[in-house]
Amino acid sequence: MRRGVATLAVAVTLAGCAPAGGQPPAADRAWTAVAQAPLRARHDALGVWDGRRFVVVGGSAETPCPPTASCTPVTALTDGAAYDPADGTWRPIAAAPVPLGVGDQLVAAGGRVYALTPSGFLVYDGDRWTKLPPPPGAGTLLDAGGTPVVIAGTDEHGPTVDAAFDVATGAWRVLPDDPLGPSFNRTAVWTGDRLLLGANDLVPDPGATKPSLLRLAALDAALTTWAAPTTTEILGGSVTTAGGAVVWTGTGSADGGQVGNWGRAYAEGGILAFATGTGTGTWRPLPAAPRRAGPLPIDPALSTGSRVTVGGHLLDPATGEWLRLPDPPGGRRFAATVVAGPDMVLLWGGAVERDAGRNLGDGHLLRV
């Protein structure tokens with residue numbers, strides 16, 4: 001279990017996070033329709049960029065649940081297809097051995113695609129799905145430099161573990177205890193030479209008298225040794241990387257309210273610019289986002305090229321430049337599959353907001 005003091009290595013040095021600045025100029029891009037996929041209309045399909053193609057699998061063809069409603073569980077699908085933007089074509093892929101849908105995860109790592117569900121762990125490779133041993137604990141699946149890793153989300157319900165999957169042996173390895181101690185809102189991101197873990201301290205009534213701020217610890221490339229933990233001045237949340245920066249993409253803030261006010265507001269998000277191999281970094285605030293929310297999901301955060309999704313638009317964290325995104329043809333949609341590739345984003349399926357009872361089977365590509 002993740003307890004005790006871990007071996008510490010080079011620390012990540014952080015500076016304070018300044019208040020948000022002004023809004024830089026914005027620019028538009030156009031969505032272009034892609035070929036018809038060999039899939040029936042559906043919502044909540046899983047998607048991932050595998051290094052060459054967009055892979056879309058699973059989802060549900062039943063009536064979609066409106067964004068603000070609470071619905072009964074739906075029947076998920078197993079079929080899928082891959083879209084190659086180089087030649088603009090779709091090709092069917094082998095059906096998954098189990099249904100894949102809401103709550104399941106799809107990640108590409110080391111040239112393979114991995115799926116994590118509450119009932120198992122799968123790999124898709126060479127147009128074949130194979131069942132693998134499940135991880136020793138629940139959590140978020142991510143790619144750590146070609147290694148699938150599962151990071152537990154919280155210690156609120158008891159001791160948890162983080163684990164890495166060894167492709168060569170086909171077995172999971174429990175990662176060493178992190179130095180953050182009991183925590184919640186645990187998220188991690190691969191920065192190119194380390195796994196950066198962020199979390200909030202697990203204390204009674206967090207935020208009641210003072211903010212529960214994001215703390216960070218870095219695990220080396222071998223996933224064996226933790227660096228000393230550091231503090232930040234942000235609340236944290238969804239995180240991704242682009243352009244030599246780690247970006248927490250939340251645009252809100254909090255001050256504790258009237259009872260137990262903290263004396264100032266703390267931002268959810270911020271930008272940590274880091275130098276690969278040095279173990280150091282400096283903070284910058286998120287610039288003010290375009291006032292109208294964009295069409296891309298706010299959570300989880302996506303990264304494409306040198307940009308990340310913030311407030312539904314795309315931000316270059318190095319320059320502060322916004323790429324303001326228009327709605328796709330046909331209007332806004334929900335429960336769609338949105339996948340970021342290199343300098344492009346694929347949006348496929350889902351349902352149009354104004355017609356929540358109708359699934360879609362079309363897709364659009366945005367090149368950035």
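**First stop: a salt bridge across the chain**

Begin by selecting Asp 125, which at 38% relative accessibility counts as partly exposed, because its value lies between the 20% limit for buried residues and the 50% limit for exposed ones. As you look around, keep in mind that this is a predicted model. Now add Arg 112 to the selection: Arg 112 and Asp 125 form a salt bridge, in which the closest N and O atoms are 3.4 Å apart. This pair links distant parts of the chain, since Arg 112 sits in strand β9 (residues 112–117), while Asp 125 lies in the loop between β10 (120–124) and β11 (129–132), 13 residues apart. Arg 112 is also partly exposed, with a relative accessible area of 28%. Side chains of opposite charge can pair when their charged atoms come close.

**Second stop: further salt bridges**

How many salt bridges does the structure hold? There are 13 salt bridges in the structure, and a few more of them are worth selecting.

Move to Arg 53 and Asp 50, whose side chains meet in a salt bridge with an N to O distance of 3.4 Å. Are these two residues buried or exposed? Arg 53 counts as buried at 16% relative accessibility, and Asp 50 is buried as well, with a relative accessible area of 16%.

Next select Arg 194 together with Asp 193, which form a salt bridge whose closest N and O atoms are 2.8 Å apart. Both Arg 194 and Asp 193 are buried. Then show Asp 162, Asp 178 and Arg 186, where you will find three residues linked in a network of salt bridges.

**Third stop: the disulfide**

The structure holds one disulfide, and to find it you should select Cys 65 and Cys 71, which are joined S to S at 2.0 Å. Turn the view until you can follow the S-S bond: the torsion about it is about 85 degrees, so the disulfide between Cys 65 and Cys 71 is right-handed. Cys 65 is partly exposed, with a relative accessible area of 25%, and Cys 71 is partly exposed too, at 42%.

**Fourth stop: a sheet of four strands**

Switch to a cartoon view and look for four strands that form an open sheet, with antiparallel pairing, in the order β3-β35-β33-β32. Its edge strands are β3 (31–33) and β32 (337–341), each of which pairs on one side only. From one strand to the next, the twist averages 25 degrees. Strands of a sheet pair through backbone hydrogen bonds, either parallel or antiparallel.

Start from β32 and follow the pairing to its partner, strand β33 (residues 344–348), with which β32 shares five bridges in the antiparallel sense. Two facing pairs can be selected here: Val 339 stands opposite Leu 346 in β33, and Ala 340 stands opposite Val 345 in β33. The hairpin of β32 and β33 has two residues between the strands, and Asp 343 in this hairpin takes a positive phi near 60 degrees.

Stay on β33 and show its side chains. In a regular strand the side chains alternate between the two faces of the sheet. Here Met 344, Leu 346 and Trp 348 point one way from β33, while Val 345 and Leu 347 point the other way, and all are buried. The strand β33 is thus mostly covered, with five of its five residues buried.

**Fifth stop: His 364**

From β33, step across to β35, which pairs with β33 in the antiparallel sense over five bridges. Which residue of β35 is the bridge partner of Leu 347? The partner is His 364, a residue of strand β35, which spans residues 363–367.

His 364 counts as buried at 5% relative accessibility, because this value is under the 20% limit. To see what surrounds His 364, select its contacts, leaving aside neighbours within four places in sequence: they are Trp 31, Thr 32, Ala 33, Val 34, Pro 329, Arg 333, Val 345, Leu 346 and Leu 347.

**Last stop: confidence along the chain**

Finally, colour the model by pLDDT. The chain averages a pLDDT of 89, and 90% of the residues score at least 70. Over residues 1–26, however, the pLDDT is below 50, although this stretch has 87 contacts in the model beyond near neighbours in sequence. Where pLDDT is low, the predicted coordinates should not be read in detail.

Terms used:
Residues numbered from 1 in each chain as written. Predicted model: local features only at pLDDT ≥ 70, side-chain atom pairs only at ≥ 80, totals over all residues. Heavy atoms only, no water. Pairing = 2+ DSSP bridges. Axes fitted to C-alpha atoms, helices over the stretch in contact; angles between N-to-C directions. Buried < 20%, exposed > 50% of the residue type's maximum accessible area, 1.4 Å probe, protein only. Contact = heavy atoms within 4.5 Å. Disulfide = S-S within 2.5 Å. Salt bridge = Lys/Arg side-chain N within 4 Å of Asp/Glu carboxyl O. pLDDT = per-residue confidence, 0-100.
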